[in-house]
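Here are my notes on this model, set out as numbered points. Please read them with the structure open.

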Amino acid sequence: MASSSSSSSLFLHSQALTFIILLSYSFFISVKSQTTPVFACDIAGNPSLANFTFCDSSATSADRVNDLVKRLTLSEKVGFLVNSAISVQRLGIPKYEWWSEMLHGVSDVGPGTRFTGPVPGATSFPQVILTAASFNVTLFQAIGKVASTEARAMYNVGSAGLTYWSPNVNIFRDPRWGRGQETPGEDPLLSSKYASNYVKGLQQSEDGDINKLKVAACCKHYTAYDVDNWKGTDRYHFNAVVNQQDLDDTFQPPFKSCVLDGNVASVMCSYNKVNGKPTCADPDLLAGVIRGQWKLNGYIVSDCDSIEVFYNDQKYTKTPEEAAAVALLAGLDLNCGDYLGKYTEGAVKAGLVNESVVDKAISNNFGTLMRLGFFEGDPRKQLYGKLGPKDVCTQENQELAREAARQGIVLLKNTPKGLPFSTTLIKSLAVIGPNANVTHTMLGNYEGKPCKYTTPLQGLTSLVATTYALGCANTACGTAQLDDAKKIAASADAVVLVMGADQSIEAESRDRLDLTLPGQQQLLITQVASVAKGPVILVIMSGGGMDVTFAKESDNIASILWVGYPGQAGGAAIADVIFGYYNPSGRLPMSWYPQSYVDKVPMTNMNMRPDPTTGYPGRTYRFYTGETVYTFGDGLSYTSFNHHIAQAPKLISIPLGLDHTCRSSKCRSIDILDEPTCQNVSFSIRMRVKNVGGMSGGQTLFLFTSPPSVHNAPRKHLLGFEKVKMLRPKEEGSVSFKVDVCKDLSVVDEVGNRKIALGQHLLHVGDLKHSLNIRI
């Protein structure tokens, strides 16, 4: 998302200065002044508005929208095509700002939300990549529900809007992408599950009315967007060359799930071109797929200034008026930016686009506002009308932020002398590193102002006596400050090094060139580890993976934790895990690669599948043929689990019509669209899981499949995942996976059609393998 790179950078830098201040929750209670929410159809204040059908809540939504559109002049209509929508006083419609963000809690990135007066902050959850590492769909939805409740509370006092351009569901295809931190990772199924469940948490109305929206979510950035600024190639000029198989197999599924499973209210098109066409100007992608195939009930919005970008930067049209017309005809409804506001009226008068196309676009926008209750009068008299500052940053909400961070933290390495620590054995701790006492860094990007912060140093100090050394002036670590760090490491019972990245290393408009730890961080780690008196724990705070092979292989480093950007309570969660108050169960949602990866794989190559003729190794765990440092799904526990398959079929038969061609010829796959009976073919796999270790813990179980080698199918891909509840030592639990053969075991062929591969499918659950034969 969202603004041009220059304004975005200035905005984020100015925010960074203000976030250094620690906010305390007690400050939130002081309410200086309250303002009123923005809404239309204030019949109580202006009884004449009752004469308008669009203010009649008993009329159908379609009739109300049609009535409103008919009352507007062309000039007024154009004013509703942009994010800073106009007011029409004669109709009792106030100005409305569409652009707000809620990536991992209510954010003030975007003009629609502000933390002032009665609500100076909101609960800041972990950055999405860490929440995704929990593999807990219940948690995804719970975070969305809390965030939308806080947004509604802020709306009621005039501090926020109702439309939020979140979540980011792009695939984390390349480890160098600066915005990978915003995504649920590299796997299409995980990204789809995150997308639909977070959207449900944001949008679903507590009264169960599917036609109402609590807030309106937006899945972005559609589609094949994951290059921001790499070696001279930026998102404003990049043409993503994507074959149909990769598009349908990898890049589209999260967006499809957003619309079909999450019923999302909006989809945002991206800056880049796909196969030569700007996404915001492509009628096949917008009107054809989102609106046509998926039946979006809502509006399509551009990334900010995208229309200007495809006119000015991509030279896609000859005039701004043509750009406006092309976007509207493609199916765009709303422009983040001002191009449609400036040039649509001229485009209509020049005959480039019919006014009826404008009517259709604003009808989609108004329809969304109708579902939000914007045209129902005073929202304080509606379902969420009692929410206010008291409902923001509640103790329960803040505890959920801490729990989310705990569930996501991934234990990547552990030795017998490592974790968990005991406060009876570890009496002193040396805490070292540029991320050891950070506040704002823990939030990641698209952040808000948190209720309060607990830094890693603060979290650890609350449990044991600590000494602290910065080790590096910042994460860039131009020069390691070794003396103080080595001194305290040599005398403490144990060492915790908190290293990694921040937004100066990986961010929007900032892709990485290397996968190693920045600057002299590795030198600091190895020097400290060589003199440490006790065990050394390496904590990596980052969005993307790092080449930490040296630490993985070092006998001097006992344990490695990846903590993402863990949110406002990150330090408390890290301390909980290090001292065993929480047994880690997070798993990596993306693969970590060695530094050699950057020399082999251009970031601009969008192909997911390997190419043996060129040595191209492919992308992500599903296709990549090279070496990894850690891979998707990796993660350890402080206890051990045994699991076995209690129930699983060995043979599945697909019923075909008597005249089907595959009955008379040997087929390697069948088109699932040709066989409606296939839609009813499913089975269950039941697992038994036992904690055979000495500590209570939970576990994530993954069900993978390796399909037959047909249609360049993935080497391995995820069919399902389940979070096993906390099991006590020797306790046993069960998990069931329901597998829809057509949906889950199908593969995408070379032209984008889904097919069932016939033959032996190898199912994986941990180290277990189960062979399943699919035949006709």
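1. Start with helix H7. Lys 193 sits in this helix, which covers residues 188-203. The model is a predicted one, and the remarks below should be read that way. Lys 193 counts as partly exposed, because its relative accessibility is 37%, and partly exposed means between 20% and 50%.

2. Lys 193 does not stand alone. Together with Lys 256, Lys 743 and Arg 754, Lys 193 forms a positive surface patch. Lys 256 belongs to helix H9, residues 253-260. With a relative accessible area of 41%, Lys 256 is partly exposed. For a sense of distance, take Lys 256 and Thr 319: they are 63 residues apart in sequence, and their C-alpha atoms lie 33 Å apart in space.

3. Now the overall fold. The protein chain has 23 helices and 27 strands. Its radius of gyration is 27 Å, and the globule rule gives 28 Å for 776 residues; the two are close, so the chain is as compact as a globular protein of that length. The C-alpha trace spans about 80 × 80 × 50 Å along its principal axes. Of the 776 residues, 62% count as buried.

4. Two peptide bonds deserve a check. Most peptide bonds are trans. The bond between Ser 166 and Pro 167 is cis, with omega about 10°. Pro 167 lies in the loop that runs between helix H6 (137-156) and H7. The bond between Lys 220 and His 221 is also cis, with omega about -5°. His 221 is in a strand, S3, made of residues 219-222.

5. Backbone phi is the next item. Most residues other than glycine have a negative phi. Lys 231 is not a glycine, yet its phi is positive, at about 50°. Lys 231 is in the loop between strand S4 (229-230) and strand S5 (233-234). Is Lys 231 buried or exposed? Lys 231 counts as exposed, because its relative accessibility is 60% and the cut-off for exposed is over 50%.

6. Asp 305 raises a similar point. Its phi is positive too, about 70°, and Asp 305 is not a glycine. The residue lies in the loop between strand S10 (299-302) and helix H11 (306-312). At 23% relative accessibility, Asp 305 counts as partly exposed; buried would need a value under 20%.

7. On to charge pairing. How many salt bridges does the structure hold? The structure holds 34 salt bridges. One of them pairs Glu 206 with Lys 214, and their closest N and O atoms are 3.3 Å apart. The partners differ in cover. Glu 206 is partly exposed at 40% relative accessibility, whereas Lys 214 is buried at 0%.

8. A second pair is Arg 235 with Asp 228. Their side chains meet in a salt bridge at 3.6 Å, N to O. Arg 235 is buried, with a relative accessible area of 0%. Asp 228 is buried as well, with a relative accessible area of 2%. This pair belongs to a wider set: Arg 179, Glu 182, Asp 228, Arg 235 and Glu 508 are linked in a network of salt bridges. I would show this network in a figure.

9. A third pair is Arg 380 with Asp 378. The N to O distance in this salt bridge is 3.0 Å. Arg 380 is partly exposed, with 33% relative accessibility. Asp 378 has a relative accessible area of 18% and is therefore buried, because the limit for buried is under 20%.

10. Last, a loop glycine. Gly 615 lies between helix H21 (597-600) and helix H22 (620-623), in the loop that separates them. Gly 615 counts as exposed, with a relative accessibility of 57%. Met 546 is 69 residues away from Gly 615 along the chain, and their C-alpha atoms are separated by 23 Å.

Notes
Residues numbered from 1 in each chain as written. Heavy atoms only, no water. Patch = residues over 30% accessible without salt bridge, like charges linked within 9 Å, V, L, I, M, F, W, Y side chains within 5 Å. Areas by Shrake-Rupley, 256 points an atom, 1.4 Å probe, with all protein chains shown as cover. Salt bridge = Lys/Arg side-chain N within 4 Å of Asp/Glu carboxyl O. Lys, Arg positive; Asp, Glu negative; His and termini not counted. Charge placed at Lys NZ, Arg CZ, Asp CG, Glu CD. Helix = DSSP H or I, 4+ residues; strand = E, 2+ residues; numbered from the N terminus. Buried < 20%, exposed > 50% of the residue type's maximum accessible area, 1.4 Å probe, protein only. Rg over C-alpha atoms; globule rule 2.2 N^0.38 Å.
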